[in-house]
Structures are given as C-alpha cells and as structure tokens.
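Let's take a walk through this fold, starting with its pockets and then moving on to how the helices pack. Keep the view open and rotate as you read.

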Amino acid sequence: MEKKIRDEIEEKVSIILKKVNVDEPPIDVEKVAAFFGLPIVYYPNFPDSISGTIIKDEDLLAIGINENHAEVRQRFTIAHEIGHYVMGHDENKILDDTFDKNSEKEKEANVFAGELLIPYHILKRDLDREVSDIPSLAKRYNVSEQAMSIRLLETSLINNPNLKKPI
Ligand SMILES: [Zn+2]
C-alpha cells in the first residue's frame, strides 16, 4: 500500500482519538463506534469464517460481531469495520468480512484497525518511556501478540532500544 494512504489513515485516526478524548491504551473501540453512531450487535450464530460485518437495514447502520471469537479478535474486527465506515467504503450492501480477502478496501480497513488499536504516537510514547516486550505491550493494548508484532514492524518501532527482543 502506498505510504500516502497510510499517512492519511494515521492522520484520520489521530483526529478521531482527539475528538473522542482517548489518549491511553487499551483504546475503547466501542466508544469510537458510538461516536460515529454505530451500534454494535454481538451474534452467537455467525459461522466461524465470519468475524464481523457492517449491517445496513434501511437507514440504520450497525456493526455485527461474531460473539464466539476471542476478545482481542472482536476488538480488531470492530476497529476494522469502523475503518470501512470512516473511509466511505460501500455502505450500500452488507459487507461480509473474513479479512483474508486481498482487496484494497480490506487492506485499508486492516491498516485503519491497526492504527486505531495501536496508535503510532501512543506506542512511541510508551516505548520511549519504559522498557517493554511484545507480550506486555499486547496485554496493555488488549490486542493479539500477532497484531502488536505487525504494528511494531510497520512502524519500525521494532528497532526501539527499549523493546526487549524475544530470545
Ligand atoms: Zn472488511
């Protein structure tokens, strides 16, 4: 993905976090969804392959989440669906989401989700302030260790001297 799009997403997220007054992890994704007027509906009967979806019913938009998935995955999915909404992706049909589709929209929504759950400026501030490692950071941000590792790589913060490397 172009750096320009990544920069735009980072900028968008930073404005949103200011508006909702969130400056500490873990990021309250339900609060962000509420800011955009998006109710979250938890479904016990989604097939395992569906993490979440945007639901459009006449004028009502909502985020549907697979209730059986782990909390960190649900949080990522909520952030991903907010990404579709914020970036004006097709709201006119239900978007069934499995995340493994390679379309640009899916990639953008994933970048948005990573940025929202682990905002660059907050992660950098945390790492500059104290020594940490990936499991502790994942816990602090309430994300999976995989999501945290990806974020550390894409932001190059993996090279921060305060990050303890796994042995
Ligand atoms: Zn999606």
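The lining of the largest pocket is a mix of 9 nonpolar, 4 polar and 5 charged residues. Bear in mind as you look around that this is a predicted model. The pocket itself has a volume of about 480 Å³. It is lined by 18 residues, and the closest to its centre are Phe76, Asn110, Gln146, Ala147 and Ile150. If you'd rather find the spot by its secondary structure, look for helix 3 (71-86), helix 4 (104-117) and helix 7 (145-154), the elements that each give two or more residues to the lining.

Now for the second largest pocket, which holds about 150 Å³ of space. Which residues line it? They are Arg6, Asp7, Ile9, Glu10, Val111, Glu115, Tyr120, Arg151, Glu154 and Thr155. Helix 1 (3-20), helix 4 and helix 7 are the elements that give two or more residues here, and helix 1 makes the largest share with 4 residues. By class, this lining has 3 nonpolar residues, 1 polar and 6 charged. So helix 4 and helix 7 turn up in the lining of the largest pocket and again in that of the second largest.

Time to see how the helices sit against one another. Two packed helices are described by the angle between their axes and the distance between the axes. Start with helix 3 and helix 4, whose axes come within 7 Å and cross at roughly 120°. Why are these two called oblique? Angles over 145 degrees count as roughly antiparallel and 65 to 115 as roughly perpendicular, with oblique covering the rest outside the roughly parallel range, and therefore helix 3 and helix 4 are oblique to each other. Their crossing is right-handed. On the helix 3 side, the contact is made by Arg75, Phe76, Ala79, His80, Ile82, Gly83, His84 and Val86. Helix 4 answers with Lys105, Glu106, Ala109, Asn110, Phe112, Ala113, Gly114, Leu116 and Leu117. Sorted by class, that contact has 9 nonpolar, 5 polar and 3 charged residues. Phe76 and Asn110 are worth a second look: they take part in this contact, and they are also among the residues closest to the centre of the largest pocket.

Stay on helix 4 and turn to helix 1. These two pack at an angle of about 45°, with their axes 9 Å apart. That angle makes helix 1 oblique to helix 4, and the crossing is right-handed. Ile5, Arg6, Ile9, Glu10, Val13, Ile16 and Leu17 in helix 1 meet Glu108, Val111, Phe112, Glu115 and Leu116 in helix 4. The class count for this contact is 8 nonpolar, no polar and 4 charged residues. Some names should ring a bell, including Arg6, Ile9, Glu10, Val111 and Glu115, which also line the second largest pocket.

Further along the chain, look at helix 5 (residues 120-129) and helix 6 (residues 134-141), whose axes come within 12 Å and cross at roughly 135°. These helices are therefore oblique to each other, and helix 5 passes helix 6 in a right-handed crossing. From helix 5, Ile122, Leu123, Asp126, Leu127 and Arg129 meet Leu137, Arg140 and Tyr141 of helix 6. This contact has 5 nonpolar residues, no polar ones and 3 charged.

Last stop: the backbone of the loop between helix 1 and helix 2 (29-35), where you'll find Pro26. A cis peptide bond joins Pro25 and Pro26, with omega at about -5°. Asn21 is found in the loop between helix 1 and helix 2 too. What is the sign of its phi? Asn21 has a positive phi of about 65°, although it is not a glycine.

Technical notes
Residues numbered from 1 in each chain as written. Predicted model: local features only at pLDDT ≥ 70, side-chain atom pairs only at ≥ 80, totals over all residues. Heavy atoms only, no water. 1 Å grid on protein atoms, 1.4 Å probe; cavity = no way out; pocket = protein on both sides within 12 Å on 5 of 7 lines; lining within 4 Å. Points joined across faces, edges and corners; volume = space filled by probe spheres on them. Nonpolar A, V, L, I, M, F, W, Y, C, P; charged D, E, K, R; others polar. Axes fitted to C-alpha atoms, helices over the stretch in contact; angles between N-to-C directions. Parallel < 35°, antiparallel > 145°, perpendicular 65-115°, else oblique. Left-handed = near helix turned anticlockwise from the far one by under 90°. Contact = heavy atoms within 4.5 Å.
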